[in-house]
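Let's take a walk through a protein model together. Have the sequence and the 3D view open, and keep turning the view as you read.

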Amino acid sequence: MKRSFWFLFLLLPVFAYSQTTQVDTVYSTNTKDKYVITIRKPAGFSTAKKYHLVYMTDGGIGIGDYVLGRSKSWAATIPSNCVIIAIGHTGDWHEKRSRDLIPSDITKNAETNFGKADKFYLFLKNELIPSVEKKLTNKKSRAFIGHSFGGLFCLYLLFKDDKLFDRHLAISPSCWANNNELDKIEEAYFKKNKQLNANVTIYVGGLEFLNKVLYSTRSFYTTVTGRKYKGLAMIKDEIGNANHFSIRKPAVDRALEQLKD
């Protein structure tokens, strides 16, 4: 039977830190690469209940380590109504994050390992989400969390025609990346659309002025809220005395707190 996409699942040993954690390796025909997908279910998970399905980037580093609870000293408390779907890169994650999470829709400023966010988007839309939710059929809503380039990709999702997520939780988004490509994408979207149905929270650290994140995020927020899009609920939460790394714990905690409803 012909299919537009296919998956290769290789069941890996389950990490010892959680009896409710499953790890699979997935191949994408869109990005031509493999990803480690970690699904963390809450204790007492039941198919009779509805859950927020929380997709997130950096499953193997940073916020992924925190959300997946890989150590007692670095472990987030996951709400009992949430299932985490963490996407991790294999191999050179530093290079592959630039490939998958930085967009180039307007300028087409992309290379083999840079600026291919449109391909990663198709991986989510056509491959990962359908596969995951074929197994997790008790979805209450779908959320996305990303940090840094992952936060940039989280905001990039706002301007795609298919609204994949009900909530967007962007932590320290690198809005400046690729010469502020996100601003160009938003401008092109606004020329054709005056409605943007989305629930968005942006977290940014008060000390992130040294890496261009604070000012570019403020500029993006001011522009988007100034558009007066119908259907858009967007807030910006500036966390004082937090830098690009220390923001991860408080921002993730606040993001997960929002999902307790």
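**From one arginine to the whole fold**

Let's start at a single residue, Arg167. Leaving out residues up to four places away in sequence, Arg167 touches His52, Arg142, Ala143, Phe144, Asn199, Gln258, Leu259 and Asp261. Keep in mind that what you're looking at is a predicted model.

Where does Arg167 sit? You'll find Arg167 in strand 7, which covers residues 167-171. Is Arg167 buried or exposed? Its relative accessibility is 14%, and buried means under 20%, so Arg167 counts as buried. One of its neighbours deserves a second look: the side chains of Arg167 and Asp261 make a polar contact at 2.7 Å.

Now hop over to Asp24, which belongs to strand 2 (residues 21-28). With a relative accessible area of 6%, Asp24 is buried. Its side chain has a polar partner too, namely the side chain of Gln22, at 2.9 Å. Try finding Ile39 as well: Asp24 and Ile39 are 15 residues apart along the chain, and 8.5 Å separates their C-alpha atoms.

Next stop is helix 4, made of residues 149-156. How many of its residues are buried? Eight of its eight, which is why helix 4 can be called mostly covered. If you want to pick them out in the view, look for Phe149, Gly150, Gly151, Leu152, Phe153, Cys154, Leu155 and Tyr156.

Time to zoom out. The chain is built with seven helices and nine strands. Of its 261 residues, 52% are buried. Take the contacts between residues at least 6 apart in sequence: 70% of them join residues at least 24 apart.

What about overall size? Along the principal axes, the C-alpha atoms fill a box of roughly 45 × 45 × 35 Å. A compact globule with 261 residues would have a radius of gyration near 18 Å, and because the chain has 18 Å, the two agree.

Finally, look at the outside and the charges. About 12,100 Å² of the chain is exposed, and carbon and sulfur atoms supply 52% of that area. The chain carries 39 positive and 25 negative charges, and the mean positions of these two groups are 5 Å apart.

Conventions: Residues numbered from 1 in each chain as written. Predicted model: local features only at pLDDT ≥ 70, side-chain atom pairs only at ≥ 80, totals over all residues. Heavy atoms only, no water. Helix = DSSP H or I, 4+ residues; strand = E, 2+ residues; numbered from the N terminus. Buried < 20%, exposed > 50% of the residue type's maximum accessible area, 1.4 Å probe, protein only. Polar contact = N/O pair within 3.5 Å; in protein donor to acceptor, adjacent residues only side chain to side chain. Contact = heavy atoms within 4.5 Å. Rg over C-alpha atoms; globule rule 2.2 N^0.38 Å. Areas by Shrake-Rupley, 256 points an atom, 1.4 Å probe, with all protein chains shown as cover. Lys, Arg positive; Asp, Glu negative; His and termini not counted. Charge placed at Lys NZ, Arg CZ, Asp CG, Glu CD.
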